[in-house]
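Welcome! Take a moment to look over the protein shown below, and then we will walk through it together.

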Amino acid sequence: MTISARMALADLGIADGGVSVRVHLEREESITRFRYEPTLDPALEVHRPVVMQRIECSPVRSTLSKPLLFVSEPQ
């Protein structure tokens, strides 16, 4: 997610943008929840909507939003 956020800033011409994403994992009986918290350099806050949109479309979020299946491979 951080890489996606940095790519969004790079597309805006900000090559070394101060951005990070902290992810909190919450495990419950029937669901696992990923709460994410992007942190931007205060000077870059104006770009938050673009960064958030890119994070929402990130490959990691897309993968983890799908049902997961664990299959044992034969040995």
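## Getting started

Helices (H or I, at least four residues) and strands (E, at least two) are DSSP runs, numbered from the N terminus. With that in hand, you can place Val 19 in strand β1.

This is a predicted model, in which local features need pLDDT of at least 70 and side-chain atom pairs count only at pLDDT 80 or more, while totals for chains, interfaces and linings use all residues. Residues are numbered from 1 along each chain as its sequence is written, and side-chain values use heavy atoms, with hydrogens and water left out.

## The nonpolar core

Let's begin with the core. A nonpolar core is a set of buried Ala, Val, Leu, Ile, Met, Phe, Trp, Tyr and Cys residues joined through side-chain atoms within 4.5 Å. Buried means under 20% relative accessible area, exposed over 50%, and partly exposed in between (1.4 Å probe, protein chains only). The largest nonpolar core here has ten residues: Ala 5, Ala 8, Leu 9, Ile 14, Val 19, Val 21, Leu 40, Leu 44, Val 51 and Ile 55. Two or more of these residues come from each of α1 (2–11), β1 (19–27) and α2 (48–56). Which element gives the most to this core? That is α1, with three residues. In soluble globular proteins, nonpolar side chains tend to be buried together.

Two members of the core deserve a closer look. Val 19 counts as buried, at 4% relative accessibility. Contact means heavy atoms within 4.5 Å. Leaving aside neighbours within four places in sequence, Val 19 is in contact with Thr 2, Ala 5, Arg 6, Leu 9, Thr 39 and Leu 40. From Val 19 to Ile 3, the C-alpha distance is 9.2 Å, and 16 residues separate the two in sequence. With the same neighbours within four places left aside, Val 21 is in contact with Met 1, Thr 2, Tyr 36, Glu 37, Pro 38 and Ile 55.

## Two buried serines

Is Ser 58 buried or exposed? Ser 58 is buried, because its relative accessible area is 1%. You can find Ser 58 in the loop between α2 and α3. A polar atom of the Ser 58 side chain lies 3.2 Å from the backbone nitrogen of Arg 61. This is a polar contact, that is, a pair of N or O atoms within 3.5 Å; within protein, one must be able to donate a hydrogen and the other to accept it, and residues adjacent in sequence count only if both atoms are side-chain atoms.

Apart from neighbours within four places in sequence, Ser 58 is in contact with Met 1 and Ser 4. Ser 4 sits in helix α1 and counts as buried at 9% relative accessibility. Again leaving aside neighbours within four places in sequence, Ser 4 is in contact with Arg 54, Ser 58 and Pro 59.

## The largest pocket

Next comes the pocket. On a 1 Å grid over the protein atoms alone, a pocket is an open set of points where a 1.4 Å probe fits, with protein on both sides within 12 Å along at least five of seven lines; lining residues have an atom within 4 Å of a point. The residues that line the largest pocket are Met 1, Val 23, Thr 32, Phe 34, Tyr 36, Val 60, Arg 61, Leu 64 and Ser 65. At least two lining residues come from each of β2 (32–40) and α3 (59–64).

Arg 61, one of the lining residues, is found in helix α3. At 30% relative accessibility, Arg 61 counts as partly exposed. Neighbours within four places in sequence aside, Arg 61 is in contact with Met 1, Tyr 36, Ile 55 and Glu 56. The C-alpha atoms of Arg 61 and Phe 34 are separated by 9.2 Å, with the two residues 27 apart along the chain.

## A partly exposed leucine

Our last stop is Leu 25, in strand β1. Leu 25 is partly exposed, with a relative accessible area of 42%. Without counting neighbours within four places in sequence, Leu 25 is in contact with Thr 32, Arg 33 and Phe 34. Leu 25 and Tyr 36 are eleven residues apart in sequence, and their C-alpha atoms are 8.7 Å apart in space.
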